[in-house]
Structures are given as structure tokens and as C-alpha cells.
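Visitor: I'd like to learn how to read a model like this one, feature by feature. Could you walk me through it?

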Amino acid sequence: MKFKNRFKNRFMSRQILILLFVVMPCLSGFSQINLSSVPKGNIRYDVVFVGSADTFFLVHDQTKLLKKSENVVADDVDFGNYRYRVNDLKSGELFFKKGLSPLFYEWFTTAEAKLRTKTSSYSFLFPLPVNDVRFSFDVRNSYNGWKEIYTDTISVSDFHILKETPTAFPIDTIHFSGKSDEKIDVAILAEGYTASEMDKFLKDARRMVDTLLACQPFKEYAGRFNFIAVKVPSLESGSDVPGENVFKNTAFNSTYYTFDSPRYLTTSDMKSVYNAVDGVVWDHLIILVNSDIYGGGGFYNSMSICSADNVRSAFVFCHEFGHAFAGLADEYYTSQVSYEEFYRSDVEPWEPNITTMVNFGSKWKSLIDSSTPVPTPRDSLFVDRVGVFEGGGYVEKGVFSPAQTCWMKEMAAGKFCPVCQDAIKKAILRQSK
């Protein structure tokens, strides 16, 4: 049975007024329930996120039973600006827990969120329980505490739970290492590829995977991964480019100009994404877009996305997977982004590769040579050293990163820095055998 441990991420959440449907005291301190009797299969709990700068709530959409050969996996690290928990209703024992950082969280940090309300679909997966369970959703506040803002009771005998036969899209294996219950299964989905362009999609997907598995530490642990290509056809090639008045009918409604940033390529239509993989065994999702325009995005325990045909696409593929897979933060600090007050200077970020020095002992302090000054000057004397370099997380002051150059900062680095490699390695070891 597939139940690898992994609980990830920790974003700084803004202080927002929470509109609650149901608020109950958080259940904590319970040991994890024994899953030996849990049948194979997953519950998919669909919601719609609704929010603006001062409001945030969830609306339940539907619940589905997915009859898969392997169960969805949990986390064992306290990462994520959101998390969801599933507790046995009678005993209160923790059945499942997972952290995540979906695109919608970033919406609250934009100037536009002060002017209007938006929605986004999302799906939560957990193993099919034997008994009725309590589902709860928590938000991390700006001081790293958790606030439960939504709860629901799910009865396994509820006849309203959908038991549909999922749409089966053709699948090609790109890289196979072994049984899914021991490996990390990554599904790459075609976006903006027409039915006649699937050969191109497979070539593009193989090129991206080859690049990822050629860099460390993925190269060292290539035997712990399976990669498959899911051939989901679109009616039109490409993606929406609103800033150029270009709109395409595609499978997952991807778009550039997310939050008015031309290069920010994302999708808010996660319901369509999950529908496409209801019958697929996967741990991580990557959406590959049939476009030559530079762009992408990566969201912890949610998905990553990038274009296929830009000269920087392979780099973006690896960079965004670093976000989605290991919870890595952006280390650049000079590019214009649409976020406001993304990190508090008096709180330690959850991401493993940036720090505000509030609790640096929890980060990469042990990897710094005793002769390296802290903070570390950004000059040639320390260009190849692990240090504490001011600048990162989109700002020049107050946030520090571990290297002067890294794939989480720029393509020119040619690799992940030692601290990011260490974080990725730990994530690989948590999730596989």
C-alpha cells in the first residue's frame, strides 16, 4: 500500500479576515491511525476557493471515489501555507495530513486582491478511509500559526459520493524505475497540444525529463522516479496570452499574464487537471504547454507548469519543479513581481533555502564553513561558497539566500546550489524507497 510520509511547506500568510462556514477547535496530539486495513483507492474532495484581500472561504463542490491501485501519499514535514487534515470521526485519530501552496494563496498578496474577489477550483486527495472522517482545512497566519477555517464530515457510505468512470487518456512511459508504491510517480500532462501534435509532446516531455535527471541530486536518485506522459488533447495549440489579445481553447485553460506578469504562466482550472488524471497513479503533476514564450510557475504539492519551446524552457522546467517538489523559494530579488509584503522580516520563512535570520539555526547553518562570514558579501571571494547572502524572496533587503547563484535564482547558475540540492535530496528520500 502506498503511504509514504511527507508533509511539506510553510508560506507566510497575510492577516486576513476569515469568513468561516464551520469553525471548530483544531484536533491535535493524536497519533496517526493504522492504515493496514485501509482499502486501496482515494477520495477526491473538490472545493472552490473564494477570496479577496480581506476575505477567504471555501465552498464544497463535489466528492469523488477514485478506484486506483495505489493510495495518495501524505507528508512528514510541516511545510505549506495551507494544509488539510483528515481525522477519524469517532476516535479523533489523525488519518491523513498534507501541506500545500497553491496558486490561489499568492492572489491575496497582490494589489488587485484589494479591489475584487476571485475564485479558483481545487481538489484535495486522501486515501479511502474505512470509517467516517472529519475533513478540515487550515491557513498559516503571518506568524506561522495555524487557523482552522473550514471543516466537513465525510461519510464513506454517502450515496452522493460520485463513482464515475474516469476519462482514460493515452499514456506513454518516459522513465521507469519500479513499482509505484516504492517510487515517486510524476505525471506530465499535455496542454495546448492538439491530437495531431502528440508526437511533439512526447519529444518535448522526454527532453525536459532528460534535463532534470541530468542535474544533481536528481541524477543520483533517478532510480527513485517514474515519469509518464499523459496525452490530453486540446482543440487549439498554445496558451492564452491576454496581453497580446491571444486566447486559445485548451484542455486546462492555461494563461500567461497571471497577476499581470507576462511571464507568469499558470492555470486556475485545477478541476480540469484533476479530471485528466483521475485514473492515473501519480505523486506530482507537471503541465507542459505547447508554446515558445518564456514562462511557467511552480506550487508546492500542487503542480508545476512551463512552456516547452523557449530557449530557457528546460531550465524553467527544473526551477518550477524545485518549487512544487521540494518547496524551494525563489532566490532572485531584482525582478519585478506583483506581490506585496510576501515575507515578514520578523518571521522565519518555511522554505528551506531562504531565511530572515529569525531562526537561522533551523536552516543551512551547518553547511557553512567556519571561515565564511555571516552575512556573506556578494563578491568574488565567496562566489562558490555556501553563505548567507542578502537578497532573495523577491526583495533585496531582509531576506537571505544560501548562494550567489543557483537555479532558483537564474539560468546562468547551471545547477541547484548545495542547499537546494540538500533540500531536494531530503524530499526524495522522504517520498521513495
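Guide: Happy to. Keep in mind that this is a predicted model. Let's begin with Tyr394, which lies in the loop between S14 and strand S15 (395-401).

Visitor: What is the phi of Tyr394?

Guide: Here's the general idea. Most residues other than glycine have a negative phi, and most peptide bonds are trans. Tyr394 has a positive phi, near 80°, and is not a glycine.

Visitor: Is Tyr394 buried or exposed?

Guide: Buried counts as under 20% relative accessible area. Tyr394 has 15% relative accessibility, so it counts as buried.

Visitor: Which residue in the loop between S10 and helix H3 (270-276) should I look at next?

Guide: Go to Asp260, which sits in that loop. Asp260 is not a glycine either, yet its phi is positive, about 70°. The cut-off for exposed is over 50%, and Asp260, with a relative accessible area of 63%, is therefore exposed.

Visitor: Now the peptide bonds. Which bond joins Gln216 and Pro217?

Guide: A cis peptide bond, with omega about 5°. You'll find Pro217 in the loop between H2 and S10. Then look at the step from Val374 to Pro375: that peptide bond is cis too, and omega is near -5°. Pro375 belongs to the loop between H4 and strand S14 (389-392).

Visitor: Let's move to helices. How many residues does helix H4 have, and what should they span?

Guide: The general picture for a helix goes like this. An α-helix has 3.6 residues a turn, so residues three or four places apart point the same way. For length, count 1.5 Å a residue: H4 covers residues 313-326, so its 14 residues should span 20 Å, and the end C-alpha atoms are 19 Å apart, which agrees.

Visitor: How many residues of H4 are buried?

Guide: 14 of its 14, so to speak of H4 as mostly covered is fair, because buried means under 20% relative accessible area. After H4 comes Gly327, with a positive phi near 75°.

Visitor: And strands? Which way do the residues of S9 point?

Guide: Strand S9 runs over residues 184-191. Ile184, Val186, Ile188 and Ala190 point one way, while Asp185, Ala187, Leu189 and Glu191 point the other way. Both sets are buried, and S9 is mostly covered, with eight of its eight residues buried.

Visitor: Which strands pair with S9?

Guide: Take S10 to begin with. This strand (residues 225-230) pairs with S9 in the parallel sense over six bridges, and Asn226 in S10 is the bridge partner of Asp185. To get from S9 to S10 the chain passes through helix H2 (residues 198-213), in a right-handed β-α-β crossover. Strand S11 (residues 284-289) also runs parallel to S9, joined by six bridges, and there Ile286 stands opposite Ile188.

Visitor: Last topic: empty space. How many cavities of 30 Å³ or more does a search find?

Guide: The general idea is simple. Rolling a probe the size of a water molecule over the atoms shows where empty space is left. Here a search of the whole structure finds five such cavities. The largest holds about 160 Å³ of space. Its lining has 18 residues, and Lys98, Tyr274, Trp282, Asn301 and Ser302 lie nearest the centre. Strand S4 (94-100), strand S5 (118-127) and S11 each give two or more residues to this lining, with the largest share, four residues, coming from S5. By class, the lining of the largest cavity has 11 nonpolar, five polar and two charged residues.

Visitor: What about the second largest cavity, and which residues are closest to its centre?

Guide: The second largest cavity holds about 80 Å³. Of the 12 residues lining it, Asn42, Lys68, Asn71, Val72 and Trp282 are closest to the centre. This lining divides into five nonpolar, two polar and five charged residues.

Visitor: And what volume does the second largest pocket have?

Guide: About 380 Å³. It is lined by 22 residues, of which Phe79, Pro352, Ser362, Lys363 and Lys426 are closest to its centre. Helix H5 (residues 418-431) gives the most to this lining, six residues. The classes in the pocket lining are 11 nonpolar, four polar and seven charged.

Key:
Residues numbered from 1 in each chain as written. Predicted model: local features only at pLDDT ≥ 70, side-chain atom pairs only at ≥ 80, totals over all residues. Heavy atoms only, no water. Expected span 1.5 Å × (residues − 1). Buried < 20%, exposed > 50% of the residue type's maximum accessible area, 1.4 Å probe, protein only. Pairing = 2+ DSSP bridges. Right-handed = clockwise from strand over helix to strand, strands pointing away. 1 Å grid on protein atoms, 1.4 Å probe; cavity = no way out; pocket = protein on both sides within 12 Å on 5 of 7 lines; lining within 4 Å. Points joined across faces, edges and corners; volume = space filled by probe spheres on them. Nonpolar A, V, L, I, M, F, W, Y, C, P; charged D, E, K, R; others polar.
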